[in-house]
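Here are some notes to read with the model open beside you. Take them in any order you like.

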Amino acid sequence: MAASCRLKPLSRVAVSGGTHGNEMSGVYLAKHWLRDPMELQPDSFAVTPFLGNPCAIEKCVRYVGRDLNRTFTTEFLSSAEAEDEPYEVVRARKINQTYGPKGSAQAFDFMFDLHNTTANMGACLIVDSEESLLPMHMCHYIQTHYTRSPCPIYLYKLPGEETYSINSVAKAGLALELGPQPQRVVRADLFAQMRALMACALDFIELFNKGTVFPAFEIEAYKITGLMDYPCYPDGEISAMVHPKLQDKDFLPLNPGDPIFQTFSGEEILYKGNTTIYPAFINEAAYYEKKVAFAKMEKHTFSIPGLQRE
């Protein structure tokens, strides 16, 4: 294990609900906190809730022009304003101006991003990389103290890829991805789960700020290696659906030769990879347009150094 690392205490924390306007747990939790912020008043830091994509929330759609949560790259944040640019590009620049700028000393210390998925992801914790020390410690704290369900860790950043999510404008961040929940629906059980997970995460920040020493640990996490598209006809129309034996098996092992798709005529299509993977976001409704049937993940055990405040 590496030696403990010291980080500055956190003073400004943001929480985005409705980055996708039809993922309703985060939408209504953020709206609730904007009306009644009593739950967001810790002693040692300030918490600012906001609505990520107000226009999409108003229309109850994922986005209006393009996916906001893929728009926080240098390409969009530094581009010149254009008359016909998508609403989300304008919104991304505004969020970056308010809570960033991305990569700067002035950026917010931390940002939470609240999501739902139609896939059977459970209470999933999404971090860019295992090298993000504070979020990994937060995930470990949540896994230790939140006992209602497992909380798998999803590491979304591919090698050499720029971070693109809304919370990347802050110095560090964590996304909560709760499912399965249909789009445009708010389920009371998942709303309560999200609220409890946020309370746990805020407790961690309070403890860190007040000087708690968090020892080194080893932790399992799932790291993305690529994406699996649906089989398609020559005209681009999908020709098969997720196989019943794979449906709802997020984060479970998929071995070479296991069925992954079933054609509309009933034929099985098998996984042709050479190694076991752990699919996630299986049959996610929002990913049909992205040509993604599931994300291909590897399971790793990472050694995380200890942490304390400066």
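1. A term to start with: two residues are in contact, or touch, when heavy atoms of theirs lie within 4.5 Å. With that in hand, look at D113, which touches S16, T19, N69, I166, N167, L174, A175 and L176, leaving aside residues up to four places away in sequence.

2. Before going on, some ground rules. This is a predicted model, where local features need pLDDT of at least 70 and side-chain atom pairs count only at pLDDT 80 or more, while totals for chains, interfaces and linings use all residues. Numbering runs from 1 along each chain as its sequence is written, and side-chain values use heavy atoms, with hydrogens and water left out.

3. Back to D113, which sits in strand β4. Helices (H or I, at least four residues) and strands (E, at least two) are DSSP runs, numbered from the N terminus. Which side chain of opposite charge is nearest to D113? That is R70, 7.7 Å away, and D113 is buried yet has no salt bridge. Buried means under 20% relative accessible area, exposed over 50%, and partly exposed in between (1.4 Å probe, protein chains only). Lys and Arg count as positive, Asp and Glu as negative, with His and the chain ends not counted; a salt bridge needs a side-chain nitrogen of Lys or Arg within 4 Å of a carboxyl oxygen of Asp or Glu.

4. Helix α1 (residues 24-35) is worth a check with a ruler. At 1.5 Å a residue, its twelve residues should span 16 Å, and the end C-alpha atoms are indeed 16 Å apart, so the two agree. The expected span is 1.5 Å times one less than the number of residues.

5. Several residues of α1 are buried: M24, S25, G26, V27, L29, A30 and W33. Among the elements covering them are β2 (12-17), β3 (46-51), α2 (54-59), β4 (110-116) and α6 (188-209).

6. Now find M136 in helix α5 (residues 133-145). M136 is buried, because its relative accessible area is 0%. Its contacts, again not counting residues up to four places away in sequence, are V127, S129, E130, I153, L155, F217, I219 and I304. M136 and L174 are 38 residues apart in sequence and 9.0 Å apart in space, C-alpha to C-alpha.

7. Buried or exposed, or partly exposed: where does A216 fall? At 31% relative accessibility, A216 counts as partly exposed. A216 belongs to the loop between α6 and β8 (217-228). From A216 to H137 is 79 residues in sequence and 8.9 Å in space, C-alpha to C-alpha.
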